[in-house]
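The following exercises practise the reading of a protein model, step by step. Please study the sequence and the structure before turning to the solutions.

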Amino acid sequence: MRADVRPGASRAESMVRVGCPAHNCGGRCVLLATVSDGRIVRLEADDRPDVLEAPQLRACARGRAYLRRQYHPDRLLHPLKRVGKRGEGKFARVSWDEALDLVASEMRRVRETYGPGALFVPYGTGSYNQTNGSHVARRLMNVAGGCLGIWNSYSWAAINVATPTVYGTLTTGNQRQDWLNAKLILMWGWNPAEMRDGTNSDFFLKLARQRGARVVCIDPRHSLSAASLADEWVPIRPGTDAALMTAMAYVMVTEGLYDAEFVRTHCVGFDASQMPPGCEGEESYRDYLLGARDGVPKTPEWAEPITTVPRETIARLAREYATKVPGVLYQGYGMQRRAYGEQVVRAGCVLAALAGNVGIPGGWASGLGNQAPDGGPFWTVFPTGENPFGAAIPCFLWTEAVLRGREMGEADGVVFSGTVARGRDAAALLGAEPSSRRLGTDVKLIYAVATNALINQHANVNRTARILADESKVEFLVVQDNFLTPTARFADVVLPACTQFETWGVEDGWKYGDEVILMPKVVEPPGECRSDYRICADLARRLGVEEAFTEGRDERGWVEWVLDRYRETRFPDLPPLADLLEKNVGVWAKPVTRPAVAFEEFRRDPEAHPLDTPSGKIEIFSKALHEKGRPDEIPAVPKYVEEWESPFGPEAAAYPLQVIGHHTLHRVHSTHDNNDWLEEAFPQRVFLNPLDAGDARRRRRRRGPRLQRPWRRGPPVPRHAADPAGRDRHPAGGVVDARRAGRGPPRQRERPDERALDAARLRHRAAHRDGAGGTGGDGERETRTDPVAASCGRGVPMREGAPVNGPFVVHFDASSCTGCKACQAACKDHNDLPAGILWRRVYEVSGGGWARAGAAWTHDVFAWNLSLSCNHCERPVCAEVCPTGAVRRREDGVVLLDSGKCMGCRYCEWACPYGAPRFDAARGVMTKCDLCADRLEEGLAPSCVSACPMRALDFGPREEMERRYGEAAGFPLPDPRLTEPALRLTPHPAAPRSEADGEIANVEEVER
């Protein structure tokens, strides 16, 4: 395997292009891992040419901060055996032989005593590089005689089943380059800026807006996506999205805006003329909209008090979506993880069909949206084999299988026909007649590999903990992981697993993308860690099935096998592994020159290219669902069904606030929860609307710990009345208390007192005269390397005569920044900065307020992000006030700080209007951005620039930046005449409002 050597690097330092460790993160990215003396010391961004047909796969903050997880002091290093009660977390170190002998013995005992259905490998997404992860354990179980299987997922449970009831497939999405052809994009409960949903999805949205698409985000929360990717945010009450979709359909139908010809020729069940055979007299979708059976027309006025969206907004959205064709209605996954989540999925699919947005460039059929033409990436190619036991349960019902598995049958979603695919088979379950078949046994042994779902991702974990603590139920629990997770604390045996940098693997794109990403072994595992594959192979030997499990292959051998499968199916031009490794390319990509469009052939000729539905057409009315005979919960046409524990129920009097949990860039489920860089960037917060904050403060005094400062993240509970006249004085009036909300953007700070400055100079001179200041024996100053950079083996000497290619300018496009903080994480990684020191900081500027409008709420809320570091000013005031000459400006404009000369007086910090110098309390010196001077010497852009997934940061000579971006625009920052910063800015559209109505919302994160 070839590893490139950096210019100027030592022989022991090399760079390997490798896939970002494949967790359940929503993306698949490429990293450049610099290895020195057997340790990864730096992670950088994809450096391939960045083109629309195959854009760079730039990692988010989690990928750029991965070394804090890779080398975390809490890594599991040795096998452990429980010595206390279940759940106490008390373990003793044992040898691999003792641990594996015990696990194999228990697997045999449980299989012989209860049968294969008593063994279970739970849902787990902590590793997805083919040779690591739960699928490896599933193969072991299958070759050893089978186990209880699973189908569906925690993430897409409802959308997996509901989408095929309309389209007969999950492949309902155009390739993302086609988004650039859309005129309107509805981001419905979709937040790609934080949960990604395919590397570059947020970037493609940016490009679509640049091409003229209008983007509307419908979401209960003012997410990073709503703030940065959308032209309009429409807040909605959680759990009521189907009502909004239904009212939009009513407007489209009653105003004659829907595509009547497409509906007539390509759909069934819209009205009485289209009903399936045997269902002619049943309620059609048009009947439901008009209230023909229940007497309730589904008007915007009907939907307003349900959704809190103003009726005028509902009608306008409907007209826009119907007339701005082609358009995209992209459904996120949070709204289908609720009661009756199938209804919102089906309603979105039907809305797309009514608008005629199916099968056309720039359109989108909605639903799950797997990538046309072939369903997109495979996720898992590693062969798990056939399960001899045959039966599988919905993955979420594993606790039920522990408690009452012996009596569970098809009525509980149990499938007795082997592996269930994520699509047609899952949808067919809704039409299946329950039989008398039963599992016949409870789950007695759990082999949990790369998963913390048992005590983290599952619902009601207190109940789960009680179940696992009872050794009469789960008799043996094995956990295989990188850390002693909450799940692992309940284990009988804990096995330490490799990270994906420590073994061989391969991955393809997430849900979108035509690429194969290599994951070669980069470093040796620490302690006694072993890969998931090797652990399972060792168990297979003890169980007598080693040959069947390995087929003579190690991890690298299976990588070659997987590449062969890709070559035989999606990518016939994929080069051999040896060629990919020799060139150290990291990723092979198939450029998208003509974006595929889902249902294009069906649109052109529905008779010649029918769908895989019973009717061959888009099923607005599903006969299979109708035959379930449960119209209140499983209606044949998509309907709004009120949730249990609803805001409209009696429980709302005692519990007026709804709690939702969004995905955050801090974690991937629980992965990265112990990553201090990500905790620093995205600390866990409870967000409240300002109008609800007063009640929350009263409740916290009675019920528990202090809530964090509320902020504008979602609509208020619609029972408060706004007080516009007093909203800036008290949170109950609608806005956060300004004393706690922080100040405006960075401003000029008061200069140090000159007498204090003179005293500091005297102290510093005395320290050096006594030999404490780092002078040589002859009194001359030593030439030093910056200590922060030197600590990771890549220091930049603070010397004269560095290459002069400037003056350099950094350009920041606030209209594109999502606040993902990949730039911040990249800066910390490149400079090995500890938690607590931020050279690059991302400010969130927010403002606006709320007003009651009948049963609904209106708002003028805004938020935007400002990424700042040292601006390498032409007149650096930090250098002017430095008493020791530690700060200086090079000829190319880079302002450097020599920590060896610094005495830690902090005058540079106080003088800088941007707060760029940062005090390192551990060393008692100042530190600051050096514009990645080592990268500049290699002809590379600063790490923050190359890291930005949105390409919101750029860098180059001033003349080049002026040519690309035109004249610099105004911005709410300190007067540039103070320091003449080398910073150019494209403002966010809301930036002008910030001067009068803006505050820093994340003061705690940036003011450290």
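A residue counts as buried when its relative accessible area is under 20%, as exposed when that area is over 50%, and as partly exposed in between. The model examined here is a predicted one.

**Exercise 1. Determine whether Arg530, Asp538 and Arg541 are buried or partly exposed, and describe the salt bridges that connect them.**

Solution.
Step 1. Arg530 has a relative accessible area of 16%, so it is classed as buried.
Step 2. Asp538 has a relative accessible area of 9% and is therefore buried.
Step 3. For Arg541 the value is 43%, so this residue is partly exposed.
Step 4. The side chain of Asp538 forms a salt bridge with that of Arg530, at 2.7 Å from N to O. Asp538 also meets the side chain of Arg541 in a salt bridge, here at 3.3 Å from N to O.
Step 5. Asp538 and Arg541 both belong to helix α18 (residues 532-543), where they stand 3 residues apart, about one turn of the helix.
Step 6. These contacts belong to a network of salt bridges that links Arg530, Arg534, Asp538, Arg541 and Glu546.

**Exercise 2. Explain which parts of the chain are tied together by the salt bridge between Asp676 and Arg68.**

Solution.
Step 1. The total number of salt bridges is 65.
Step 2. In one of them, the side chains of Asp676 and Arg68 meet at 2.8 Å, N to O.
Step 3. Asp676 is located in helix α24 (residues 676-681) and Arg68 in helix α2 (residues 67-70), so the pair ties together parts that lie 608 residues apart in sequence.
Step 4. Asp676, at 30% relative accessibility, is partly exposed. Arg68 is partly exposed as well, with a relative accessible area of 23%.

**Exercise 3. Describe the open sheet of 3 strands: its order, its edges and its pairing.**

Solution.
Step 1. The strands follow the order β1-β2-β3, and their pairing is antiparallel.
Step 2. In general, the strands of a sheet pair through backbone hydrogen bonds, in a parallel or an antiparallel manner.
Step 3. β1 (13-19) and β3 (39-45) are the edge strands, each pairing on one side only.
Step 4. From one strand to the next, the twist averages 30 degrees.
Step 5. Strand β2 (residues 30-36) is joined to β3 by 6 bridges. As an example, Thr34 has Arg42 in β3 as its bridge partner.

**Exercise 4. Identify the residues that touch the most other members of the largest nonpolar core, and examine Ile618.**

Solution.
Step 1. The largest nonpolar core has 156 residues. Those touching the most other members are Tyr167, Trp188, Met248, Tyr285, Tyr321, Leu354 and Ile618.
Step 2. Helix α9 (residues 241-254) supplies the largest share of this core, namely 11 residues.
Step 3. Leaving aside residues up to four places away in sequence, Ile618 touches Val166, Tyr167, Phe262, His266, Cys267, Val268, Ala353, Val358, Phe602 and Leu611.
Step 4. There is also a second, separate core of 50 residues, among them Val110, Val493, Leu518 and Cys536.

**Exercise 5. State what the pLDDT values show for the chain and where they fall below 50.**

Solution.
Step 1. The average pLDDT of the protein chain is 87, and 85% of the residues score at least 70.
Step 2. Over residues 419-427 the pLDDT is below 50, and this stretch has 20 contacts in the model beyond near neighbours in sequence.
Step 3. Over residues 696-714 the pLDDT likewise stays under 50, and the model has 63 contacts for this stretch beyond four places in sequence.

Definitions and conventions: Residues numbered from 1 in each chain as written. Predicted model: local features only at pLDDT ≥ 70, side-chain atom pairs only at ≥ 80, totals over all residues. Heavy atoms only, no water. pLDDT = per-residue confidence, 0-100. Contact = heavy atoms within 4.5 Å. Pairing = 2+ DSSP bridges. Helix = DSSP H or I, 4+ residues; strand = E, 2+ residues; numbered from the N terminus. Axes fitted to C-alpha atoms, helices over the stretch in contact; angles between N-to-C directions. Core = buried A, V, L, I, M, F, W, Y, C linked by side-chain atoms within 4.5 Å. Buried < 20%, exposed > 50% of the residue type's maximum accessible area, 1.4 Å probe, protein only. Salt bridge = Lys/Arg side-chain N within 4 Å of Asp/Glu carboxyl O.
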